[in-house]
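Colleague: I am new to reading protein models, and I would like to learn how to go through one feature by feature. Could we look at one together?

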Amino acid sequence: VQLQASGGGLVQAGGSLRLSCAASGGTFSTYVMAWFRQAPGKEREFVAASTRSDVFTKYGDSVKGRFTISRDGAKNTVYLQMSSLKPEDTAVYHCAADTTWSSRANNYIYWGQGTQVTVSS
């Protein structure tokens with residue numbers, strides 16, 4: 001499975017941004033799709049995940065109520081809508097896929113290349 005993330009950029013605090021992750025080479029509907037982020041000098045942090053067919057979604061505590069994950073089966077794409085962005089949301093955001101759900105990064109076999117999100121104060 002190949003994952004291609006896009007949509008990062010520079011945004012002011014309080015603004016919004018939508019990330020996309022296009023998947024290819026596998027059966028999209030069978031994968032748990034997740035977003036992680038990593039800021040300089042910090043460990044990779046779980047952001048959100050969506051199980052196949054959106055049976056359920058999960059969010060990290062720091063983004064609950066502000067970020068929304070969704071998936072479009074017709075486009076084999078998972079999205080991360082980010083609102084009320086804060087400077088501490090600044091990080092490289094990675095999408096990941098696996099057949100099982102976990103909030104741990106080492107659970108996921110497939111990873112995209114990452115997209116930079118910078119939130120200015």
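Colleague: Let me begin with a single side chain: does Arg-37 count as buried or exposed, and why?

Modeller: Before answering, please keep in mind that this is a predicted model. A residue is called buried when its relative accessible area is under 20%. Arg-37 has 5% relative accessibility, so Arg-37 counts as buried.

Colleague: Which residue does Arg-37 form a salt bridge with?

Modeller: The general idea is that side chains of opposite charge can pair when their charged atoms come close. Here the partner of Arg-37 is Asp-89, and the closest N and O atoms of this salt bridge are 2.8 Å apart. Because Arg-37 belongs to strand β4 whereas Asp-89 sits in the loop between β8 and β9, the pair ties together parts that are 52 residues apart in sequence. Asp-89 counts as buried too, since its relative accessibility is 0%.

Colleague: Which other side chain meets Asp-89 in a salt bridge?

Modeller: Arg-66 does, with an N to O distance of 2.8 Å. Arg-66 is in the loop between β6 and β7, and Asp-89 is in the loop between β8 and β9, so this pair ties together parts that are 23 residues apart in sequence. Arg-66 and Asp-89 are both buried. If you then follow the links from one charged residue to the next, you find a network of salt bridges made of Arg-37, Glu-45, Arg-66 and Asp-89.

Colleague: How many salt bridges does the structure hold, and are Lys-64 and Asp-61 buried or exposed?

Modeller: The structure holds four salt bridges. One of them joins Lys-64 to Asp-61, where the closest N and O atoms are 3.2 Å apart, and both of these residues are exposed.

Colleague: Now I would like to read a strand: which side chains of β7 point to one face, and which to the other?

Modeller: In a regular strand the side chains alternate between the two faces of the sheet. In β7, Phe-67, Ile-69 and Arg-71 point to one face and are buried, whereas Thr-68, Ser-70 and Asp-72 point to the other face and are not buried. Strand β7 runs antiparallel to β8, and six bridges join the two; one of the pairings places Thr-68 opposite Gln-81 in β8. Together β7 and β8 make a hairpin with four residues between them, and in its turn Asn-76 has a positive phi of about 50°.

Colleague: Why can strand β9 be described as largely enclosed by the rest of the structure?

Modeller: Strand β9 covers residues 91-98, and seven of its eight residues are buried, so the rest of the structure largely encloses this strand. To see its surroundings, look at the strands with which β9 pairs. Strand β4 (residues 32-38) runs antiparallel to β9 and is joined to it by seven bridges, with Ala-34 having Ala-96 as its bridge partner. Strand β11 (residues 115-120) also pairs with β9 in the antiparallel sense, over three bridges, and there Ala-91 stands opposite Val-117. Strand β10 (residues 110-111) pairs with β9 over two bridges, again in the antiparallel sense, and Ala-97 stands opposite Tyr-110.

Colleague: How many residues does the largest nonpolar core have, and which have the most contacts inside it?

Modeller: In soluble globular proteins, nonpolar side chains tend to be buried together. The largest nonpolar core here has 27 residues, and those with the most contacts inside it are Met-33, Trp-35, Val-47, Phe-67, Leu-80, Met-82 and Tyr-93. The elements that give two or more residues to this core are β1, β3, β4, β5, β7, β8, β9 and β11. Another core, of seven residues, lies apart from it, and among its members are Val-32, Ala-34, Phe-46 and Tyr-108. As for Met-33, the residues that it touches include Leu-3, Phe-28, Ile-69, Val-78 and Ala-96.

Colleague: Which residues make the nonpolar surface patch?

Modeller: Val-55, Phe-56 and Trp-101 make this patch, which has an area of about 280 Å². Val-55 lies in the loop between β5 and β6, and its relative accessibility is 65%, so Val-55 counts as exposed.

Colleague: Where is Pro-40 found, and does it count as buried or exposed?

Modeller: Pro-40 is found in the loop between β4 and β5, and because its relative accessibility is 76%, Pro-40 counts as exposed. Pro-40 and Glu-88 are 48 residues apart in sequence, while their C-alpha atoms are 11 Å apart in space.

Terms used
Residues numbered from 1 in each chain as written. Predicted model: local features only at pLDDT ≥ 70, side-chain atom pairs only at ≥ 80, totals over all residues. Heavy atoms only, no water. Buried < 20%, exposed > 50% of the residue type's maximum accessible area, 1.4 Å probe, protein only. Pairing = 2+ DSSP bridges. Core = buried A, V, L, I, M, F, W, Y, C linked by side-chain atoms within 4.5 Å. Contact = heavy atoms within 4.5 Å. Patch = residues over 30% accessible without salt bridge, like charges linked within 9 Å, V, L, I, M, F, W, Y side chains within 5 Å. Areas by Shrake-Rupley, 256 points an atom, 1.4 Å probe, with all protein chains shown as cover. Salt bridge = Lys/Arg side-chain N within 4 Å of Asp/Glu carboxyl O. Lists of a residue's contacts leave out its neighbours within four places in sequence.
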